Amino acid sequence: MVEQDAPGVRRLERLVERVAPRDPVRWEARPPLKRGRLVSRSRADQLRATVRQLGLAVGHDEMPERCGRSAKALLAPRSIDAFLELASEGEFRDRRNPAAIGSPLSWSTLATLRDCLVILGEQAGIEVVVPRIYRERLDLAPVAGAEQLELLYGRLVGSVPADATMARSLACAGLVLDSRMRSGDLVTRRVEHVHLDEGDAWVDAVWHHQGSGRVREDQVPLRPGTVTALRRWLGFREGLVAGLQGSDHGMLWVTAKARMHLVHGAYETYEAGMPLGPWGMRRGFSTGMDRLNEVLASQWEGPGPWVPLPPRVEQWRRGAEWAQEQAGQG
């Protein structure tokens, strides 16, 4: 995964070394950033850590192809979005601390990473577009109103989704609203973790808590709409995994169609029905929600214009938590 020798990474390393030299003598004579301030010791460490993580990211098969070829490509919007999504799940934590790998970043660490990306862009003369980071809610769209949620729940239990991608997103949305699991936890769930035919339906849920490394597991009851959506998705899933060579791997969330991806410099086919990773889950969820928004927008009769439902798993999870907190304060 490590590609520290990528041209884009090398350029960023040189930029950081110029404003935050490791040599003690040069440090005292370091030039200011383009924004006019000198780099502090702590900020120097943060900038170096950010470049190190970008060096890991350019070799990741979920980053844009050849994103490390230049600093401009590495700091482009698509690269930044993919990098922050992966980094937020702890994908690029220091390998010298194996216990921390895969542990999601705290909001403050993610905000620092965002600030460092902006500084690197300024020094390179590249405009960097990054999401705002909020303590309570990370880059959230407004929580859907009651009328919108009524349409969503109607879609969960109403007409059959047009395709597997939409069915998967509907099932995922229901499960997120009921369980508050993160995308990184959702992709660990197997078919056997969903209990739909044993009286009251439930899911064996798991939550990895940010920063602490603690893991909590519990059984979470599922609402009727979520049960219906999951049944439909499982029907699509059965057809998808049937086309695989070999036995069913048992993972709940799978790819809805075959796609090509880059592995160690060569393209390989990732078949339909294969397990989804955290990034694939987030990307597939957004695609399905975009299609759902088109359908719901055509059915919307007001009042007011249609406001699209959030396209990201994390927006649903945090939005549901926010609504629950507001209800508790009422």
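Trainee: How much area does the protein expose, and what share do carbon and sulfur atoms supply?

Mentor: The protein exposes about 16600 Å², and carbon and sulfur atoms supply 51% of it. Accessible areas come from the Shrake-Rupley method with a 1.4 Å probe; for residues, only the protein chains shown count as cover. This is a predicted model: local features need pLDDT of at least 70, side-chain atom pairs count only at pLDDT 80 or more, and totals for chains, interfaces and linings use all residues. Residues are numbered from 1 along each chain as its sequence is written, and side-chain values use heavy atoms, with hydrogens and water left out.

Trainee: Why is Asp5 called exposed?

Mentor: Its relative accessible area is 61%. Exposed means over 50%, buried under 20%, partly exposed in between (1.4 Å probe, protein chains only). Asp5 is therefore exposed. Asp5 sits in the segment before α1 (7-19).

Trainee: What share of the 330 residues is buried?

Mentor: Buried residues make up 48%.

Trainee: What makes α3 and α6 roughly perpendicular?

Mentor: Helix α3 (residues 41-57) and helix α6 (residues 107-124) pack at about 85°, axes 9 Å apart. Angles of 65 to 115 degrees count as roughly perpendicular, under 35 as roughly parallel, over 145 as roughly antiparallel, and the rest as oblique. So α3 and α6 are roughly perpendicular to each other.

Trainee: Which residues make the contact?

Mentor: Contact means heavy atoms within 4.5 Å. Among them are Leu47, Val51 and Leu54 of α3 and Leu113, Leu117 and Leu120 of α6.

Key:
Axes are lines fitted to C-alpha atoms, for helices over the stretch in contact, and angles run from 0 to 180 degrees between N-to-C directions. Helices (H or I, at least four residues) and strands (E, at least two) are DSSP runs, numbered from the N terminus.
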